[in-house]
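The following account leads the reader through a single protein chain, from its overall form to individual residues. The sequence and the model are shown first.

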Amino acid sequence: YKLSVAPEMDIMEYCRKEWRGSTPVAKRMRKGYEAVAQKFASIRRVRGDNYCALRATLFQALSQATQLPSWLQSEDFTMLPENLLSRYDWIKQWQLKQKLGRKMGEISDEIKEYLILLRKKWKNISEIKGPIEKQEACDKLFKNEEEEYSLYEALKFLMLNTAIELYNDDKNGRRVPVFSWLLFARDTSSNPCQLMRNHLNHIGHSGGLEQVEMFLLAYALQYTIQVYRLYKYSTDEFITLYPNDPEEDWPVVTLITEDDRHYNIPVRMCQETML
């Protein structure tokens, strides 16, 4: 089993190994890593396939989870696939983990299994009290490819559900966050059906998450995703929050990116930042 999230390594040691040269880019990256190192001691590399944004976010969320989020506790959570499929016929075109041409009932059942798995894993890990044991449980989960990829399918489906809610809210004159307009202003995703066909179906296969989809992921999980964007060092976009006006009670997870495509995770907050 390959571990999807590599063991931790000293952050500045990692930076020195990756960015040796004296080019302006290398200098900027080193400065960026130095800034992150004031808050975090270590970095964990995340496997670089097209799931890496989902992987990094979920890993961080689970490794600091102390309770089951309220949306995971709701009665009708596992009924989501059935409910959506009964209203939107086009969801039959959802592509499940490289397996094409499924019947509608199967899609609904399969996604339901993924959602149940997500709830179960989140509940189990959040109940582990000791930080070392919690970390071991996360490492174990992210070594199990079958389960890990099932969880990403669950997250993608939750993103679709959130997109449908936002789209309908906007159509019905309710206030929606700005990113929602941007999401549906793209030629390739002017409605949830196009978003699914042209974007969500491709995540993990031929593409990763675009910036605007990071907002959608944050809303789906009700988590604030804080990202150190190293190539933006010394600009006001160096630390970007998704969403940029987060709800106060949303937990925060922190990621690092050098290019907005691949994400790694910083771990071990330095003592002084915690105080």
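Two residues are said to be in contact when heavy atoms of theirs lie within 4.5 Å. The model discussed here is predicted, and every value below is computed from it.

The overall form comes first. The chain contains 12 helices and 6 strands. For 275 residues, a compact globule would be expected to have a radius of gyration near 19 Å, and the value for this chain, 19 Å, agrees with that expectation. Taken along the principal axes, the box filled by the C-alpha atoms is roughly 55 × 40 × 35 Å. Of the 275 residues, 51% are buried, where buried denotes a relative accessible area under 20%. Among contacts with a sequence separation of 6 or more, 74% join residues that are 24 or more positions apart.

The surface can be described in terms of area and charge. About 13,800 Å² of the chain is exposed, and 49% of that area is supplied by carbon and sulfur atoms. The chain carries 38 positive and 39 negative charges, and the mean positions of the two sets are 4 Å apart.

Where does the annotated "active site" fall? According to the unreviewed UniProt entry, this annotation covers Asp49, Cys52 and His262. These residues span 214 residues in sequence, yet no two of their C-alpha atoms are more than 8.3 Å apart, so they gather at one spot.

Two of the annotated residues may be examined in turn, beginning with Asp49. Asp49 occupies the loop between β2 (40-44) and α3 (52-63). Its relative accessible area is 22%, which makes Asp49 partly exposed, because that class begins where the buried class, under 20%, ends. When neighbours within four places in sequence are set aside, Asp49 is in contact with Arg55 and Tyr149.

Cys52 belongs to helix α3. Is Cys52 buried or exposed? With a relative accessibility of 3%, Cys52 counts as buried. Its contacts, again leaving aside neighbours within four places in sequence, are with Val46, Arg47, Arg261, His262 and Tyr263. His262, one of these contacts, is also covered by the UniProt annotation.

Backbone geometry supplies further points of interest. The peptide bond from Tyr242 to Pro243 is cis, with omega near -5 degrees. Pro243 itself is placed in the loop between β4 (239-242) and β5 (252-257).

Positive phi values in residues other than glycine also deserve attention. Gln222 has phi near 55 degrees and is situated in the loop between α11 (211-221) and β3 (224-229). The relative accessible area of Gln222 is 31%, so this residue is partly exposed. Ser234 has phi near 70 degrees and lies in the loop between β3 and β4. With a relative accessible area of 57%, Ser234 is exposed, since the exposed class comprises values over 50%.

The remaining examples relate separation along the chain to separation in space. Asp170 is part of helix α8, which covers residues 145-171, and is partly exposed at a relative accessible area of 33%. Ser180 is 10 residues away from Asp170 along the chain, and their C-alpha atoms are separated by 8.6 Å. Beyond residues up to four places away in sequence, Asp170 touches Val176 and Trp181.

Lys143 is located in the loop between α7 (131-141) and α8. Its relative accessibility of 37% places Lys143 among the partly exposed residues. How far apart in space are Lys143 and Val5? Although 138 residues separate Lys143 from Val5 in sequence, the distance from C-alpha to C-alpha is 8.4 Å.

Glu127 is found in the loop between α6 (104-126) and α7, and at 46% relative accessibility it counts as partly exposed. Glu127 and Val227 are 100 residues apart in sequence, and their C-alpha atoms lie 27 Å apart in space.

Definitions and conventions. Residues numbered from 1 in each chain as written. Predicted model: local features only at pLDDT ≥ 70, side-chain atom pairs only at ≥ 80, totals over all residues. Heavy atoms only, no water. Helix = DSSP H or I, 4+ residues; strand = E, 2+ residues; numbered from the N terminus. Rg over C-alpha atoms; globule rule 2.2 N^0.38 Å. Buried < 20%, exposed > 50% of the residue type's maximum accessible area, 1.4 Å probe, protein only. Areas by Shrake-Rupley, 256 points an atom, 1.4 Å probe, with all protein chains shown as cover. Lys, Arg positive; Asp, Glu negative; His and termini not counted. Charge placed at Lys NZ, Arg CZ, Asp CG, Glu CD. UniProt positions renumbered as here; feature names shortened; annotations may be inferred.
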